[in-house]
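Please follow this walk through the structure with the model open beside the text, turning to each element as it is named.

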Amino acid sequence: MNTPYQHLITQINQWDYEYYVLDNPTMPDAEYDRIFRQLLDMEAEHPDWVTPASPSQRVGGKPIDEFRKVAHSVRMLSLANTFTLEETYSFFDKAAQELDTETDQLSVFSEPKLDGLAITIQYRHGLFSHAVTRGDGQTGEDVSHNIKTIKSVPLQLNTVNPPELLEVRGEVFMPKAAFAKLNEAAQQSGGKMFVNPRNAAAGTIRQMDPKVAAGRDLQFIPYGLGEYQGEREFLRHSEVLAYLHGLGFKQNPHCQLFLGSFAAFADNYGTMEQAREQMPMEIDGIVYKLDSLAQQNALGFIARSPKWAVARKFPAQQAVTQLLAVDFQVGRTGALTPVARLEPVFVSGVTVSNATLHNMDEIERLNLCIGDRIEIQRAGDVIPKVVRVVGQGECRQAITMPSQCPVCAAVVERVSGQAAFRCTGGLSCPAQAAERIRHYASRKYMNIVNLGTKLIEVLHSKGVLNTIADIYTLKASDIANLEGQGEKSAQNVLDSIAASKTTQLGVFLAALGIHEVGEEGAKNIARHLKNYPAVVNASYEQLLQIPDVGPVTAANMVAFFADAKNQTLVQRIIDAGVNWPDEADEPKQEQYLAGQTWVLTGTLSMPRAAIKALLEGLGAKVSGSVSKKTTCVLAGQDAGSKLAKAEELGVKVLDEAAFLAEFGDKLA
């Protein structure tokens, strides 16, 4: 009955493959549009015929409310970096030694390192299932609604015998031409300009509405496989990429297979560096992989990166321009950062008009004045940085730190012994507000899970969310009327806010973002002073008596609560219902582990926060690094360098089973 319909789908998908994958269109645009219109008419008349493989399913879906979290069945690892020929060769020399072979006998596959966003796309029985970002390597976000709009991503694999399950891993990127077109349109309309193609691609994939992604000409090129359940067996990485190309995916240009001699690495790098500017997409280096999958499996992984692949990054590119002015930006902690305003200059594929100057010490070191000719580079090909003065201007103007905050006019002070100058406006400074709110609401502190960075920025820009206390006065209408939001989203935010109101004093103190008062320091202060009134009234001398609280932390605590505006704001939060049990009211455990230092590493089945709370409750200190002073290391699955360091130093190591046998009864 629907054979003509299936024929249309096959024909249009073939034309898309020829146009977007092979770059070899065989059908005039007008004829393509006419046939596509036939497909849409047929689907409108017979909606029950519509299949996920239809090209009509790429565009037109409804915006999503939120990004769903998805766990990776196979971890998405990142790559170690090298920056010189010697480092790159040494990486594979070590691999050869471990494989008991010669370096120049290793078959090495090189491919341009695309400057985009890592994505994994899952297919079941040949049909597109879902697409997920890398995230933290263990869990990413479902961005299927946007990935489906990319014409170089097949909705149905080009094979009559598809694998039961196939995860294709690769890079989503925006070609240089598409990036230039996007920014040109934004400039004409007064819209947002993107810094570089990678930011544009990442920002597009984070859109809730797939129609945005559909209009931005993103592309996808695979670099390997994740989970695979199929009959085909592969011996080499190059075979995998050839297989994926046969299934309908684009190929990465300028890939090369060679034997791993020092000279071969040098020749390959020279070729790629010359080809870089002519390529239609931005690349920031070369990825080198052992081609043999057996050798890859034999070498395995360390921590978050494989031992059989490495990325050699290109050096930052430089340009010379003039320093026109210096502005001062105010961060979450009140630190004022000088930002260079430059005569626009093209560097490493983008036009740069701003650069970081870090602090006043850096300005003094450079002997920099307004009007000077300067050399800049994009450090890591991302953040523009001033390298040096190459010519002094005729009318040089000294750069001076303002005495008052450029945003709130509060006094600017420099703490003795530190490079940073800080606004003393604290919680009342608008420039610090959005970042302070994000810090306060983060999972690590008040854990307001549905109040994310983007929503905070929008609410702040609309004047609804100006301080952390304003979180507790938000109404559903403040959120529901925003673009990409709705009543359900608004209620989710309000539910998260309500759930956050019961917390711990130490967590709350750390959430306030007092400079140099971190998570551990705040917990120690709460543990020793017992309740909030005691914290507010603590003197500098009292605070110094608390273990691990030094002069800077003590001084900042006293200064924070001496400010009446800060006290008023915190009282608003308490009046809104935020509460915690006084430390004195909490049942005390015997300090079995007093004086001990523990380190957690690897993947654990229990939440790390619960294990850390248990150990600290028993008197131990939980550290992030292993040393001779470490008492014990709790090692989960895939423990890496920390476990190796513990074994090297002879530090006691417990696996999770042994830990539970000893402490499991105390986790309840």
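What lies before the reader is a predicted model, and the account that follows begins with its sheets. In the hairpin of β4 and β5, the bridge partner of Tyr123 in β5 is Phe128, and two residues lie between the strands, with His125 taking a positive phi near 55°. The two strands of this hairpin run antiparallel and are joined by six bridges. On the evidence of its residues, β4 is largely enclosed by the rest of the structure, because seven of its eight residues are buried.

The hairpin belongs to an open sheet of four strands, whose order is β5-β4-β7-β8 and whose pairing is antiparallel. At the edges stand β5 (127-133) and β8 (219-229), each of which pairs on one side only, and from one strand to the next the twist averages 25°. Within this sheet, β4 (residues 117-124) is also paired with β7 (residues 165-173), in the antiparallel sense and over eight bridges; a reader who wishes to find the register can start from Arg124, whose bridge partner in β7 is Leu165. Helix α8 packs on this sheet, where it touches β7 and β8 and where its direction makes about 115° with that of β8.

The other sheet to consider is an open one of five strands, in the order β2-β13-β10-β3-β9, and its pairing is mixed. Its edges are formed by β2 (80-82) and β9 (256-259), each of which has a single partner strand, so that one side of each is left without a neighbour in the sheet. Neighbouring strands here are turned by 35° against each other on average, direction ignored. As general background, strands of a sheet pair through backbone hydrogen bonds, and they do so either parallel or antiparallel. In this sheet, β3 (residues 107-114) and β10 (residues 283-290) run antiparallel and are joined by six bridges, and Pro112 has Ile286 as its bridge partner in β10.

Helix α8 (residues 237-246) packs on this five-stranded sheet as well, touching β3 and β10, and its direction makes about 50° with that of β3. Which residues of α8 are buried? They are His237, Val240, Leu241, Tyr243, Leu244 and His245. In general, an α-helix has 3.6 residues a turn, so residues three or four places apart point the same way. After α8 comes Gly248, whose phi is positive and near 120°. A further helix, α9 (residues 262-275), lies across β3, β9, β10 and β13 (309-313), and it runs at about 150° to β10.

Strand β9 can be examined through one of its residues, Phe258. Is Phe258 buried or exposed? Phe258 counts as buried, because its relative accessibility is 8%, which falls under the 20% that sets the limit for a buried residue. Leaving aside residues up to four places away in sequence, Phe258 touches Leu106, Ser107, Val108, Ser110, Ala264, Phe265, Asn268 and Tyr288. The C-alpha atom of Phe258 is also separated by 9.3 Å from that of Asp104, although the two residues are 154 residues apart along the chain.

Two asparagines in loops deserve a look for their backbone angles. Asn367, in the loop between α11 (360-366) and β17 (373-379), has a phi near 55°, which is a positive value in a residue other than glycine. Asn447, in the loop between α12 (430-441) and α13 (453-461), likewise has a positive phi of about 55° although it is not a glycine. As for accessibility, Asn367 counts as partly exposed at 45%, and Asn447 is partly exposed with a relative accessible area of 37%.

The walk ends at the surface, where Tyr540, Leu544 and Val558 form a nonpolar patch with about 200 Å² of accessible area together. One of these residues, Leu544, lies in helix α19 (residues 540-544), and Leu544 is partly exposed, with a relative accessible area of 32%. That value is consistent with a place in the patch, because patches are made of residues with over 30% relative accessible area.

Note on methods:
Residues numbered from 1 in each chain as written. Predicted model: local features only at pLDDT ≥ 70, side-chain atom pairs only at ≥ 80, totals over all residues. Heavy atoms only, no water. Pairing = 2+ DSSP bridges. Axes fitted to C-alpha atoms, helices over the stretch in contact; angles between N-to-C directions. Contact = heavy atoms within 4.5 Å. Buried < 20%, exposed > 50% of the residue type's maximum accessible area, 1.4 Å probe, protein only. Patch = residues over 30% accessible without salt bridge, like charges linked within 9 Å, V, L, I, M, F, W, Y side chains within 5 Å. Areas by Shrake-Rupley, 256 points an atom, 1.4 Å probe, with all protein chains shown as cover. Salt bridge = Lys/Arg side-chain N within 4 Å of Asp/Glu carboxyl O.
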